[in-house]
Amino acid sequence: MLVKEEELNSLSQQLTQQQEECSAIHGQLEMEKAKQQQFEETSQELTTLHERFKQIQEENQSLKAKLESQKDTVYERQRQSDEAINNYQVLQDDNYKLKQRLDQQRENLQQLNELASMLQESHRSLVATNDHLLLELSQEKDRHQSEVNQLHWSYKQLKKSIDWIPNVEKTLHKT
């Protein structure tokens, strides 16, 4: 019985440790949720920048078309060309920055997915441990219940025996 108590204490300590680990992982999940929120905001910014990129591309195409149609002076053509080149460089810079942010967001998402997998595995482990502990507790209860039933039966038998002894003495005194 002492071994069972020690085993239950050990399992209880393991459960406590796993709950602490779960709390720590839950904290990490909250941090990852914040990262997810940041990812969503960045994604919205990315969408906005992508739309801006498309608009600038359209403007760039328009400028190129105007450049071809307006051959009035070399100066005008050079100015429009320089403007288009500047816009293109800005777009390239924006595109490079967006790619860097996208790569960072992918990395964050991968970390979030890994953390979610860890949490799911930890949860499964905790559920399995809880199920095991509940089963052991149920078995202990059943075993103790049969012992209690045996004690009740023994008590009733003893009481009958004790009750029988005074009746035997009365019968002996009458004879």
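Mentor: Accessible areas here come from the Shrake-Rupley method with a 1.4 Å probe, and for residues only the protein chains shown count as cover. On that basis the protein exposes about 14100 Å², with carbon and sulfur atoms supplying 54% of it. Keep in mind that this is a predicted model: local features need pLDDT of at least 70, side-chain atom pairs count only at pLDDT 80 or more, and totals for chains, interfaces and linings use all residues. Numbering runs from 1 along each chain as its sequence is written, and side-chain values use heavy atoms, leaving out hydrogens and water.

Trainee: Okay, what secondary structure does the protein have?

Mentor: Two helices and zero strands. Helices (H or I, at least four residues) and strands (E, at least two) are DSSP runs, numbered from the N terminus.

Trainee: Why is Glu32 called buried?

Mentor: Check the cut-offs: buried is under 20% relative accessible area, exposed is over 50%, and partly exposed is in between (1.4 Å probe, protein chains only). Glu32 has a relative accessible area of 8%, so it's buried. For the whole protein, 16% of the 175 residues count as buried.

Trainee: Where is Glu32, and which residues does it touch?

Mentor: Glu32 sits in helix α1. Leaving aside residues up to four places away in sequence, it touches Asn108, Gln111, Leu112 and Leu115. A contact means heavy atoms within 4.5 Å. Take the contacts in the protein between residues at least 6 apart in sequence: 82% of them join residues at least 24 apart.

Trainee: What makes Ser81 partly exposed rather than buried?

Mentor: Its relative accessible area is 21%, so Ser81 counts as partly exposed. This residue lies in helix α2, and its C-alpha is separated by 8.1 Å from that of Leu63, 18 residues away along the chain.

Trainee: And Gln92, buried or partly exposed?

Mentor: Partly exposed, because its relative accessible area is 40%. Gln92 is in helix α2 too, and C-alpha to C-alpha it is 9.5 Å from Phe53, with the two positions 39 residues apart in sequence.

Trainee: Now the charged pairs. How do you know that Arg52 and Asp94 form a salt bridge?

Mentor: The rule is a side-chain nitrogen of Lys or Arg within 4 Å of a carboxyl oxygen of Asp or Glu. For Arg52 and Asp94 the closest N and O atoms are 2.9 Å apart, so the pair passes. This one links distant parts of the chain: Arg52 belongs to helix α1 (residues 2-69) and Asp94 to helix α2 (residues 74-174), 42 residues apart. Arg52 has a relative accessible area of 36%, so it is partly exposed.

Trainee: What makes Glu121 and Arg124 a salt bridge, and how far apart are they in helix α2?

Mentor: Their closest N and O atoms are 3.2 Å apart, so they meet the rule as well. They're three residues apart in helix α2, which means about one helical turn separates them. Glu121 is partly exposed at 46%, as is Arg124 at 49%.

Trainee: Why does Arg143 count as bridged to Glu147?

Mentor: There the closest N and O atoms are 2.8 Å apart, so the rule is satisfied. Those two are four residues apart in helix α2, again about one helical turn. Arg143 is partly exposed at 33%, and so is Glu147 at 37%.

Trainee: Which residues are linked in a network of salt bridges?

Mentor: Glu140, Arg143 and Glu147. A search of the whole structure finds eight salt bridges.
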